[in-house]
Structure formats: structure tokens, C-alpha cells
Amino acid sequence: MPTGYVLGVNIGFHDSSAALLRDGALCALIEEERLSRRKHAVGQPPAAAVAACLAHEGIGPQDLDAVAIGWDFRSLPLGRNKRFSPEGLRAMLFPDAEGLTMPPVRWIPHHVAHAASAYYSAGVPDAAVLVIDGAGESQATSIGSALDGEISILREWPVTQSLGFFYNAAAEWAGLGYWGTGKLMGLAAYGRPGPGMPLRVDQGGYELLHDEAAKKVGVRNSAAGPLLAYYPMVAEAVKPAFARVFPFAEREGEEPIAYADFAASVQQALEEAVLELAAELRRRVDSPVLTLSGGVAMNCTMVGRLVRSGLYDSIYVPPVPTDAGVSLGAALVVAREGERFEPTLIDHAYWGQDVTPACTDAAVAEAGLFAKRLELPELAAFVAGRIAAGDVVAWARGRGEIGQRALGTRSILADPRDRRNLERLNVIKGREMWRPVAPSILAEHAGTLIEGPLMDPSRFMLAAAPVRREAWTSVPAVTHVDGSARPQTVHRATNPAYWALIEQFRQATGVPAVVNTSFNLAGEPIVNSAADAVSTFLRGKELDLLVLGESVVVRSEGDLP
């Protein structure tokens, strides 16, 4: 039975990651893209992430009791690849440890790992379990129960019925790219939904309707089995239906706003399907708690609708519901078999690498910038004053967030009272002008800006919610065209420095929120190290100020506090 350290990894085709547990408690979770600086780490094994997790605890691979993999390739032709032999895995995960005898390796089914990442992190004894993504080994949607620590899958939908692939195909159809699902969600707010989507709700679930001609094409042969073969097939199967919805053709050079009605139709179809899945779970599983994971859980508009549906008293989405999170889930499944299992209640996302003073000083000196170290009260008051005066501030302090949302340790911040800051931030980041930015709100004051219930997903900026009508003019920079926002509730106990900054801003302006978008430029992952932060600050010339660890960093010595 594994005890002590369990290493979990995602060695799938994208979003590779590593998570290290001790007796089930999370020590570190690091995404490979943050280190390689290649967004989504497509095709990259998590060797650097593994090394960083081990270094965090000061241990080596020989100290591991088990390695848990968030996929089970053994039933697929892919599993026969020599990369997945013990020596192949050793070379993939521990390339500098030649001669190492691999710790025991456990292959965890992909959707079980997704489910575990949410359930064991939610701090509840029982829950209904919903997993929705592009593809697992042979499934794309799973519903199940988690009772007294045991996860049971009750029903699965095959990869040919993938809601993730449906949404990906729609993003490509709208000219936003395979990774443009978040853009499609933002665009949907500008449109009016209509009929015609190849996705319909049926009792207890949904059906993705395939074009008859596409059905005859069948699945293409691939060593990876359904993992790679099904996406092009699903995409081709739904495109004829897309062609029957305005604007009738795949977007090439047109303005994307012309596809707003299409995006709204896709979004509505997804939401209705997921609501029916959640309702079916409520009928089957006697628990008022829903845990949600898989890449589709990143659709915050859909999650917000689930929250407001009243189906569940509590909804929990982990901060990393994507494939990067199966490293955590797989490790939790294996760690639970040990003599001690004390999983961490994940109520914050700060499990990455830290910004240390030594690294800060070196990065600032090498770049020829100027820095001054401040105690937190002075730092928070100074930065809040600069934001209130109109500056755009890059903020990199503490351990980095896990997941795709910046949550106040690798963020770009601005004043939500000025609508022009939306355009300024989109220019800095090289984003489309119609894409929204989000507010970070003091948890105890969230009700003054947001209407309706806010559950755990708001801790991780994973659920959209209506902005109070009377607050639209107070925070126009973060109020989307449909009157919604994607709030992050900031809690003093989990990020006291970020909370102090926003509290100082509230005292100065009366508004308990700041604009928060991720600290990165177009096409890049969120910054990780002090060197990443300095490099991005130098290239993002419209950024006025950088907070790096405990230091204020500026371009001109005269701008120091």
C-alpha cells in the first residue's frame, strides 16, 4: 500500500502536469507550460514539472512510493508504445535519473482521475459527480456518485458524443481556433440564440446529432485510438448543421462579431445539455452537492447557470478542472489506498512555485530596472493608490496559481470604474476588443456588486454571475455586454496580500473590487518566475508598474515610492 509521497502526472497530449502528495495532502501542483513557456505544453511530457515538485519537497524520485498516471492507455494500441514501458516512463518523467528503478506505476482511468480531483478536494463526504471533457480513453461524459470516499461511475457517453469536441468544432467554425473555446463563450454574450444546433436534450442526458454523410466516413485509424481519431470525425459530423445556421459558412476573414448569434446558439445548446445531466444526477444520487470537472467545466457561463439553477445546495469545481488536473486526481486515487489519507480541502489555487527575493533581485538587476522593497501595509496602500490614479499594475507575488485563471498572484490589475481599461488591457495582451475582463471582489462585499448566489466556483473565477443593475456604472470595465461578470471572490485567509490591496482600493474609492486579468501576453502561458514577470513587463510597455514579491519595480528611478 502506498504511503508517504505519491506523484501524479498527466502525460496526455496537452496540458501535462505533475502533482505531489504526502499522505494525500497536496504539496505542489505544477503545469509544464509554466516552465516550458509553450502554451498548453502540447506534446510535452511533464519532466520539468516533476522535477519542480520534487525540488519543492527536497526529495528525489527514489523517495516516491508510487507514480499515478491520469490515463489508462493499457486498453488502447497506444499503450503498447515503448514510451510507456517502465524504462520509457523513467526517461519521460525522470530524464536525469538513469539507472533509477521506477517506483510502482498506477494507471488511473481518465474520468476517474478527473472525478477524484474534484471530489477529494471538496471536503465533503458525499457528492454527485459530473465529468465533461473532449475525450477520455473511450468516453467523453460521465455521471457518477461519490459516497463515503468511493467513486462510482453510473453512466458514460462515448467520445462520438463529446460535448468538448462539439464546442471545439464550433470555435474552429467561428474562426477562433481549436483553443478558442473561451473566445466563443465571450462572443456568445453579443448574440441571440436560435435553433438548429446538432445537440439536443433527451431524458436523462443529451444526444449529439451526426450528419448522415459523416457517419459513413467512420473513425480513422490511429495508434491513439479514439483519443486522436474521434475529434476530426466529430467535427466533420456537426459542421453540416453549423452550415445551416447563420452565417452559413466557416469564418475566414470576416469580423468575428458576425458570428455572435452562432456562438450564442452553441452556448445555449451546451447549457441545456449540461443542465439535463445535472438534473439526472440529482434524481439518481441523494446528495445536495455536485462536483464538476473536465475541460468543459472551464465554461464559466455554463457553470454560472448551474449555480443559479437551484438544483444543488453546493457546487464545487477545482481550480484546475482541465487535463492538467488529472495529475492531482490520479495521485489522490492512489494515496487513498494508504494507511494515512488526509486530502487537502482546496479552497485556494496557490500551489505553484514561489517568487523568492533572491530571484527577484537578480531579474530586476539584469533588466536594468529599479526596485524598492516595502512592507505589506505600505505596499498595498501604494499600489491601490496607483490603480485608483489610472495605472495598470502587473502583480506577481507568492506561489503561482494552478489552472487557467489568474487569481491574484500572477495578475494584471486596473481600475474597474473606467470602461477604457477594458480596451487598454486587451491592447496590452493582444486580445480582441470584444473580450471581457474579470473583477476580483472582496468576498465579504461581493453582494454589493453581484446579484444571486455565489458558490465555491467563484473562488476560482469559474462561474459567471449577474452584476447588480445599479452597479453597472460603478464597475463598467468588468461588466460584460449582457450585464454579467466572471467574479473572483477574494478571501483574507487564503490570499492576505491581495485582499489587503483590494481593501485599500475600497477605502480609497468605495469600490470593493479591481480588474484582474492574467499576467501574460498573447500566445504565452501565465508568467511563473521572476524572470518571466520581468520579461513580460519589459515587453508590455503599457504596463505602468510591476509588483514582484515584496518589491515595487519601475522603469524609471523617479517612479519609486
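**Exercise 1. Contacts of Leu-130**

Task: In this predicted model, which residues is Leu-130 in contact with, leaving aside its neighbours within four places in sequence?

Solution: Contact requires heavy atoms within 4.5 Å. By that criterion, Leu-130 touches Thr-141, Ser-142 and Ile-143. The list continues with Val-274, Leu-277 and Leu-281. It ends with Leu-290, Thr-291, Leu-292 and Ser-293.

**Exercise 2. The strand around Leu-130**

Task: With which strands does β6 (residues 126-132) pair, and in which sense?

Solution: Take β7 (residues 139-147) to begin with. β6 and β7 pair in the antiparallel sense, over seven bridges. One of the bridges sets Asp-126 against Leu-147. Six residues lie between the two strands, which form a hairpin. Next, take β11 (residues 289-293). β6 and β11 run parallel and are joined by four bridges. Here Val-129 stands opposite Thr-291.

**Exercise 3. Enclosure of β6**

Task: Why is strand β6 described as largely enclosed by the rest of the structure?

Solution: A residue is buried when its relative accessible area is under 20%. Six of the seven residues of β6 are buried, so the strand is largely enclosed by the rest of the structure.

**Exercise 4. The nonpolar cores**

Task: Which residues touch the most other members of the largest nonpolar core, and which helix gives the most to this core?

Solution: The largest nonpolar core has 105 residues. Those touching the most other members are Leu-130, Leu-163, Leu-184, Phe-242, Phe-262 and Leu-306. Helix α9 (residues 260-284) gives the most to this core, with 13 residues. A second core, separate from this one, has 60 residues, including Ile-387, Trp-499, Ala-533 and Phe-537.

Conventions: Residues numbered from 1 in each chain as written. Predicted model: local features only at pLDDT ≥ 70, side-chain atom pairs only at ≥ 80, totals over all residues. Heavy atoms only, no water. Core = buried A, V, L, I, M, F, W, Y, C linked by side-chain atoms within 4.5 Å. Buried < 20%, exposed > 50% of the residue type's maximum accessible area, 1.4 Å probe, protein only. Pairing = 2+ DSSP bridges.
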